[in-house]
Amino acid sequence: MTLLALNKPFGTMSQFSAHRGRPTLADCVRIPAVYPAGRLDADSEGLLLLTDDGALQARIADPRHKLPKTYLAQVEGIPDATALARLRAGVDLGDFRTLPAQARLIDEPDWLWPRTPSIRYRAAIPTQWVELVIHEGKNRQVRRMTAAVGYPTLRLIRVAIGAVDLRTLALEPGQHREIAAAALGLTEDRVRVRRPVPSRRPNRGTRSR
């Protein structure tokens with residue numbers, strides 16, 4: 001079983017097949033037969049797990065297992081107590097209501113790498129970093145959550161999945177490291193049935209989400 005932790009760079013697609021105009025995971029990872037367990041949008045950065053074990057991939061990606069995911073979001077404006085309370089209680093996004101989340105204001109991380117291109121700044125509007133811990137993984141969920149409470153996300157970084165934390169791995173964007181499944185807090189009986197992940201097929205055209 002192989003399990004990799006990758007610091008996915010901004011602008012990189014969470015796929016190995018070629019994409020017109022954007023880099024992909026193939027530009028970061030040369031290890032054969034691994035596949036992403038879940039996704040990160042191209043304009044999101046940070047921790048992405050990859051594995052060659054189908055059962056482990058499903059365990060990580062399936063929201064029914066409620067594996068916590070920690071994000072740092074730089075938002076436009078400074079969220080007030082009401083906005084944080086709404087994030088913690090769950091936000092109605094129209095097509096679904098999010099589960100209760102952990103949400104708190106934090107200082108700008110001093111370890112953070114610069115983003116290229118940098119975020120847009122508006123001189124009259126300050127920005128603020130928010131740490132969010134969620135248990136789902138819906139499409140663009142964190143961005144939609146902060147926008148719904150009035151504070152659009154300008155930069156989004158996933159720093160942890162379960163107990164695997166990018167802040168302790170010291171990976172620069174594009175770097176990866178092999179880790180043990182035990183680092184996620186999974187017991188052996190939950191991952192002992194090994195299923196290969198789908199093979200990477202030749203690209204037959206590009207599709208972007």
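**Exercise 1. Determine how the salt bridges around Asp41 and Asp43 connect parts of the chain.**

The structure holds nine salt bridges, a salt bridge being a side-chain nitrogen of Lys or Arg within 4 Å of a carboxyl oxygen of Asp or Glu. The model is predicted, so local features need pLDDT of at least 70 and side-chain atom pairs count only at pLDDT 80 or more, while totals for chains, interfaces and linings use all residues. Residues are numbered from 1 along each chain as its sequence is written, and side-chain values use heavy atoms, with hydrogens and water left out.

Step 1. Begin with Arg140 and Asp41, whose side chains meet in a salt bridge at 3.4 Å, N to O. Arg140 lies in the loop between β6 (127-134) and α3 (141-148) and Asp41 in the loop between β2 (35-36) and β3 (45-51), so this pair ties together parts that are 99 residues apart in sequence. Helices (H or I, at least four residues) and strands (E, at least two) are DSSP runs, numbered from the N terminus.

Step 2. Turn to Arg143 and Asp43, which form a salt bridge with the closest N and O atoms 3.8 Å apart. Here Arg143 belongs to helix α3 and Asp43 to the loop between β2 and β3, 100 residues apart.

Step 3. Combine the pairs: Asp41, Asp43, Arg140 and Arg143 are linked in a network of salt bridges.

Step 4. Compare accessibility, where buried means under 20% relative accessible area, exposed over 50%, and partly exposed in between (1.4 Å probe, protein chains only). Arg140 at 34%, Asp41 at 22% and Asp43 at 24% are partly exposed, whereas Arg143 is buried at 11%.

**Exercise 2. Work out how Arg155 and its strand, β7, are placed among the other strands.**

Step 1. Glu45 forms a salt bridge with Arg155, the closest N and O atoms being 2.8 Å apart. Glu45 lies in strand β3 and Arg155 in strand β7 (residues 153-161), so the pair ties together parts that are 110 residues apart in sequence; both residues are buried.

Step 2. Establish the pairing, for which DSSP must find at least two bridges between two strands. β3 and β7 run parallel and are joined by two bridges, and Glu45 has Ile157 as its bridge partner in β7. Strand β4 (residues 69-76) pairs with β7 in the antiparallel sense over seven bridges, with Gln74 opposite Arg155.

Step 3. Follow β7 to its hairpin with β8, where two residues lie between the strands and Gly162 in the turn has a positive phi of about 60°.

Step 4. Assess burial: nine of the nine residues of β7 are buried, so this strand is largely enclosed by the rest of the structure.

**Exercise 3. Locate the largest nonpolar core relative to the domains.**

Step 1. A nonpolar core is a set of buried Ala, Val, Leu, Ile, Met, Phe, Trp, Tyr and Cys residues joined through side-chain atoms within 4.5 Å. The largest has 23 residues, and those with the most contacts inside it are Leu3, Leu49, Ile60 and Leu184.

Step 2. Assign its sources: β1 (3-8), β3, α1 (54-61), β7 and α4 (166-169) each supply at least two residues, and the largest share, three residues, comes from β7.

Step 3. Domain 1 (1-65 + 166-187) and domain 2 (68-161), with bounds from an automatic or database domain assignment, both give residues to this core, so it lies between them.
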